[in-house]
Amino acid sequence: MIEKVIIENQLEKTHKMIQDGIALAVSLCDALAWIGDSAALAKLYPVLQLGHRRLRVEAAAAIFRLGDQQGSDLLADLAAESSVRPRVLAYAQELDILGQVKPEHQSPQARAEGELFAYLAQPTQLGFPPTSCELIDTRTQFWPGFKEPVTCYLFQFTYQFQKMEYQNIGISGPLSHSFTLDLTNLRIPEIYAIFAGWQAEHEEIQEIDAGQCSATQRAALRPYLQMLEDEGFADVEIVQLGLFFGEQLLIATACHQQTHGVAIVGQAGIQWYPTGNSPRSLGAEEVYMLHKGRRLLDSFN
């Protein structure tokens, strides 16, 4: 156990050193560009040979700022790399060389894919871009927090490791996000719903954990608990009280007909969501996200 903690601490320190080094290198590229001394080109060109895409982008932009036109070609070529595409396009716009970037790398789908790749490559997420990615759905719809319809994209991405494969679905458009939970078995409307429910913020949408419910709130849930009992639900355990535009909702785990799942009980009755036993299966909080998102998207669209 002690050895494991030591190794984890060492990995954390190493990861921080790498991230600090990258941040410093990015700042140096920018500083060399703004100093304006062409002698710096000799220091920037070796950066283009590094495997780190972000550093190559920064070096290419700096090279162009120093008056070497090869920098614009290098920058335009890097738009093919999805994880740095948003930064490349931002630089290309700023430096007035957007016309050199291939149209297929500027399309709305390409931009959306780039945003998701950049999100997944963040140190707080998986830390590097996926091996492959495929668009599985796109639609324009009203979305929580937006006044006008938004074009939404769902991508199925894959990470190929030496002995295993990791696959999931992420969204881009109104937000760039992915869960560790396995969304690959959900239907397309359910996938949109869980993302919408996760993102939705409104003063009339709140959740209160079971342990934080007041005596009055618990009393209000008793009829819902009785409904579950009358319908043959067993092993009922309250997880949350949901407040959804004036309606109180009971979110609870339960067992029904020998199947475990999550029950959401409100004025419309019982909504039952069977869940799996995998560590990546949806839990009660995620099921409620899906429930909220479905109601919001249905009402908006």
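This report walks through two sheets, the helices that pack on them, and the spaces enclosed by the fold. The model is a predicted one, so please read every value below as computed from predicted coordinates.

**The four-stranded sheet**

Let us start with the sheet that comes earlier in the strand numbering. Four strands make up this open sheet, arranged in the order 1-2-3-4 with antiparallel pairing. At its edges are strand 1 (132-141) and strand 4 (177-178), and each of these pairs on one side only. Helix 6, residues 108-120, packs on this sheet and touches strand 1, strand 2 (150-160), strand 3 and strand 4. The direction of helix 6 makes about 50° with that of strand 2.

Strand 3 covers residues 165-172 and is joined to strand 4 by two bridges, the two strands running antiparallel. If you would like a spot to look at in the viewer, glycine 170 stands opposite serine 178 in strand 4.

**The five-stranded sheet**

The other open sheet has five strands in the order 5-6-7-8-9, and here too the pairing is antiparallel. Strand 5 (205-209) and strand 9 (269-274) each have a single partner strand, so one side of each has no neighbour in the sheet. From one strand to the next, the twist averages 25°.

Strand 7 (residues 247-256) and strand 8 (residues 259-266) run antiparallel and are joined by seven bridges. Alanine 252 has alanine 263 of strand 8 as its bridge partner.

Two helices meet this sheet. Helix 8, residues 215-230, packs on the sheet with contacts to strand 5, strand 6 (234-244), strand 7, strand 8 and strand 9. Its direction makes about 45° with that of strand 7. Helix 9 lies across strand 5, strand 6, strand 7, strand 8 and strand 9, and runs at about 45° to strand 6.

**Helix 7 against helix 9**

Helix 9 (residues 284-300) also packs with helix 7 (residues 188-199), the axes lying 6 Å apart at an angle of about 100°. Angles of 65 to 115 degrees count as roughly perpendicular, and helix 7 and helix 9 are therefore roughly perpendicular to each other. From helix 7, the contact includes Tyr192, Ile194 and Trp198, among others. Helix 9 contributes residues including Met289, Leu290 and Leu297. By class, the contact of helix 7 with helix 9 has eight nonpolar, two polar and four charged residues.

**Cavity and pocket**

How many cavities of 30 Å³ or more does the structure hold? There is one, and the largest cavity has a volume of about 30 Å³. Its lining consists of Cys29, Asp30, Ala33, Glu58, Ala61, Ala62, Arg65 and Tyr91. Helix 1 (2-35) and helix 3 (53-65) each supply at least two residues of that lining, and helix 3 gives the most, with four residues.

The second largest pocket holds about 320 Å³ of space. Of the 14 residues that line this pocket, Leu186, Pro274, Thr275, Gly276 and Leu282 are the closest to its centre. Strand 9 and helix 9 each supply at least two residues of this lining.

The table sets the two spaces side by side.

| Space | Volume | Lining by class |
|---|---|---|
| Largest cavity | about 30 Å³ | five nonpolar, no polar, three charged residues |
| Second largest pocket | about 320 Å³ | six nonpolar, five polar, three charged residues |

Helix 9 thus appears in several places: across the five strands 5 to 9, in the packing with helix 7, and in the lining of the second largest pocket.

Notes
Residues numbered from 1 in each chain as written. Predicted model: local features only at pLDDT ≥ 70, side-chain atom pairs only at ≥ 80, totals over all residues. Heavy atoms only, no water. Pairing = 2+ DSSP bridges. Contact = heavy atoms within 4.5 Å. Axes fitted to C-alpha atoms, helices over the stretch in contact; angles between N-to-C directions. 1 Å grid on protein atoms, 1.4 Å probe; cavity = no way out; pocket = protein on both sides within 12 Å on 5 of 7 lines; lining within 4 Å. Points joined across faces, edges and corners; volume = space filled by probe spheres on them. Nonpolar A, V, L, I, M, F, W, Y, C, P; charged D, E, K, R; others polar. Parallel < 35°, antiparallel > 145°, perpendicular 65-115°, else oblique.
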